[in-house]
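Work through the exercises below with the sequence and the model side by side. Try each task before reading its solution.

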Amino acid sequence: MKEITKYRNNRILCIGAGYVGGPTMAVIAEKCSDCIVTVVDINKERIDEWNSDKLPIYEPGLDEIVKKVRGKNLFFSTDVENGILDNDIIFVAVNTPTKTFGKGAGMAANLQYWEIIARQLRDVADKPKIIVEKSTLPVKTAEAMERVLNDKDKFEILSNPEFLAEGTAVNDLHYPDRVLIGSRETKNGLEARKVIVDIYANWVPSEKIITTNTFSSELSKLVANGFLAQRVSSINSISAVCEATEADISEIASAIGSDSRIGSKFLNSSIGFGGSCFKKDILNLVYICKSYGLHEVADYWESVIKINEYQQNRFVANILNSMFNTIAGRKICIFGAAFKANTDDTRESPSINIAKMLIEEKAKLVISDPKALKNIEFDLKHYKSKIDYINDPYEAALESHAIAILTEWDLYKNLDYQKIFETMIKPAFIFDGRNILDHKKLFKIGFNVFPIGKKAMLHYN
Ligand code: UDX
């Protein structure tokens with residue numbers, strides 16, 4: 001039996017129908033069949049897509065869940081105002097991009113959308129509400145939100161950061177490593193905390209639901225992404241050492257990853273991390289450190305981003321050097337636009353920067369990707385005349401001088417590289433920015449092979 005609280009705990013609203021709000025609410029509706037879940041967004045086109053057969057995001061397993069619960073206990077709407085009136089539990093999952101202007105530009109989070117919502121909540125809400133921050137927000141945002149809302153008795157602000165990764169969002173939501181819920185540790189704060197804990201307790205074991213104070217919860221999210229990104233930058237920095245010596249990055253990753261204190265995940269060397277979170281969250285952390293005068297700490301975390309940029313620059317420099325210092329007029333085929341496999345998302349994808357650098361060297365580019373072509377075409381719209389977008393990898397590689405693997409799609413592991421080699425201009429090059437291919441086999445076919453953090457295999461000296 002659910003406890004009676006001043007909140008109607010069988011109705012949930014989420015403001016923001018994006019990558020976080022959509023999948024999270026679909027799973028809450030699936031697992032809490034006695035709750036009515038409504039997702040609102042001012043973007044009508046997006047809401048129409050959520051209500052159609054073609055959802056606005058691609059996420060394995062999501063279509064099935066949405067089909068099962070939509071219209072039953074999951075609803076998508078543009079009516080934010082009535083949403084606020086009808087619900088006492090309100091998740092806020094709007095995007096918080098990095099500021100592009102004014103103080104903290106390029107670093108701090110832009111809280112513009114979030115602040116509009118806070119004002120709307122203040123003006124519309126007629127009774128006590130629990131506001132749950134789902135978007136990644138800078139530490140102390142809850143405090144700032146409280147100031148805007150200006151009514152501590154009416155609004156209880158909680159932090160419940162999202163840890164789902166794209167491509168595995170549904171699985172991450174079904175089986176989370178942990179759910180983090182931060183609140184004030186006052187009587188009202190603890191009451192609201194319990195309401196949110198009870199929602200997750202419908203399917204998450206209690207030992208995995210961690211409760212903390214609000215600021216610990218907010219900061220934990222930034223730190224979790226900082227630590228993950230730091231692992232990628234750490235292994236990538238060592239890949240440069242490997243290429244300069246006889247060491248092999250895969251052997252090192254396996255040797256160090258077998259130490260249970262280090263662990264084996266997030267040790268794949270690559271062309272660098274992308275995605276909407278890592279860079280933004282680290283910059284946010286850096287900005288927070290700087291604003292508290294913690295400059296050494298800020299420099300430490302900023303170096304994680306610098307290594308990420310260095311890795312991409314190094315990859316392009318390697319292409320240039322190995323193709324006899326000029327790629328002007330040469331056709332380079334990029335396999336992979338998404339920032340990682342199993343997503344159509346290209347936000348902060350290393351493919352964007354790498355494509356731009358190759359164009360600066362006047363290469364002719366062809367980009368191929370099974371899901372993300374539409375998005376990367378938009379990201380690179382200023383380079384329209386210089387890039388061809390071709391879905392089929394065989395067609396894309398036709399008469400090219402080099403292939404660069406930038407996303408670890410399974411599709412690229414299983415192509416007929418003999419067939420591809422035969423259609424390419426010789427000498428043919430392959431730059432495996434994800435170390436997913438059988439390099440010895442490619443070399444035997446006739447390719448000059450350049451993996452990451454391993455010795456190159458060349459048919460010339
Ligand atoms: C990440 C966090 O994992 C998630 O908890 C948080 O909520 C949002 O940010 P996501 O951005 O979806 O999720 O991607 P993730 O799977 O973490 O990968 C991030 C980037 O690191 C990708 O570009 C990926 O290709 C790269 N990566 C990851 C590596 O280069 N090597 C690795 O070993 C692992």
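**Exercise 1. The ligand shell**

How many residues of the shell around the ligand are nonpolar, how many polar and how many charged? Then find where the shell residues come from.

Solution. Keep in mind that this is a predicted model.

- Step 1. Sort by class: the shell has eleven nonpolar, five polar and three charged residues.
- Step 2. Pick out the nearest ones. There are 19 residues around the ligand, and Asn 268, Ser 270, Phe 273, Gly 275 and Cys 277 come nearest.
- Step 3. Look for the main contributor. Helix α9 (residues 214–244) gives the most to this shell, three residues.
- Step 4. Assign domains. Domain 1 (11–204) and domain 2 (214–461) each supply at least three residues of the shell.

**Exercise 2. Two domains in contact**

Describe how domain 1 and domain 2 meet, and say which elements of domain 1 take part.

Solution.

- Step 1. Set the bounds: the domain assignment of the protein chain gives domain 1 as 11–204 and domain 2 as 214–461.
- Step 2. Take the C-alpha centres of the two domains; they lie 32 Å apart.
- Step 3. Count the contact residues: 25 residues from domain 1 and 26 residues from domain 2.
- Step 4. Stay on the domain 1 side. Two or more residues each come from α6 (141–149), β6 (155–159) and β7 (179–183).
- Step 5. Rank them. β7 gives the largest share of that side, four residues.
- Step 6. Classify the domain 1 side: 14 residues are nonpolar, eight polar and three charged.

**Exercise 3. Strand β4 and the largest core**

Place strand β4 among its partners, then follow its residues into the largest nonpolar core.

Solution.

- Step 1. Read the two faces of β4 (residues 89–92). Ile 89 and Phe 91 point one way, Ile 90 and Val 92 point the other way, and all are buried.
- Step 2. Find one partner. Strand β1 (residues 11–15) pairs with β4 in the parallel sense over four bridges. Here Ile 12 stands opposite Ile 89.
- Step 3. Find another partner. Strand β5 (residues 129–133) also pairs with β4 in the parallel sense, over four bridges. Here Val 92 stands opposite Glu 133.
- Step 4. Move to the core. The largest nonpolar core has 53 residues, and Leu 13, Ile 15, Ile 90, Val 92, Ile 130 and Ile 131 touch the most other members. Helix α1 (residues 21–31) gives the largest share of this core, five residues.
- Step 5. Zoom in on Ile 131. Leaving aside its neighbours within four places in sequence, Ile 131 is in contact with Ile 90, Val 92, Leu 121, Met 145, Phe 155 and Ile 157.
- Step 6. Note that another core of 46 residues lies apart from the largest one; Ala 337, Ile 376, Leu 380 and Ile 430 are among its members.
- Step 7. Recall the general tendency: in soluble globular proteins, nonpolar side chains tend to be buried together.

**Exercise 4. Around strand β9**

Is strand β9 mostly covered or mostly open? Then locate Ala 341 and judge its exposure.

Solution.

- Step 1. Check β9: four of its five residues are buried, and the strand is mostly covered.
- Step 2. Find its partner. β9 and strand β10 (residues 364–368) pair in the parallel sense over five bridges. Ile 332 stands opposite Leu 365 in β10.
- Step 3. Move along the chain. Ala 341 is in the loop between β9 (331–335) and α13 (350–360).
- Step 4. Judge exposure. Ala 341 is partly exposed because 18 other C-beta atoms lie within 10 Å.
- Step 5. List its contacts. Leaving aside neighbours within four places in sequence, Ala 341 touches Gly 167, Thr 407, Glu 408, Trp 409 and Asp 410.

**Exercise 5. Unusual backbone angles**

Compare the settings of Asn 325 and Asn 435, then find a cis peptide bond.

Solution.

- Step 1. Start from the rule: most residues other than glycine have a negative phi, and most peptide bonds are trans.
- Step 2. Take Asn 325. Its phi is positive, near 65°, and Asn 325 lies in the loop between α12 (295–322) and β9. Asn 325 is exposed because it has 8 other C-beta atoms within 10 Å, and the cut-off for exposed is 12 or fewer.
- Step 3. Take Asn 435. Its phi is also positive, about 50°, and Asn 435 sits in the loop between β13 and α18 (439–445). Asn 435 is buried because it has 20 other C-beta atoms within 10 Å, and the cut-off for buried is 20 or more.
- Step 4. Find the cis bond. It joins Lys 426 and Pro 427, with omega about -5°. Pro 427 is in the loop between α17 (417–423) and β13 (429–432).

Methods. Residues numbered from 1 in each chain as written. Predicted model: local features only at pLDDT ≥ 70, side-chain atom pairs only at ≥ 80, totals over all residues. Near = placed C-beta within 6 Å. Nonpolar A, V, L, I, M, F, W, Y, C, P; charged D, E, K, R; others polar. Domains from an automatic or database assignment. Contact = placed C-beta atoms within 7 Å. Core = buried A, V, L, I, M, F, W, Y, C linked by C-beta atoms within 7 Å. Pairing = 2+ DSSP bridges.
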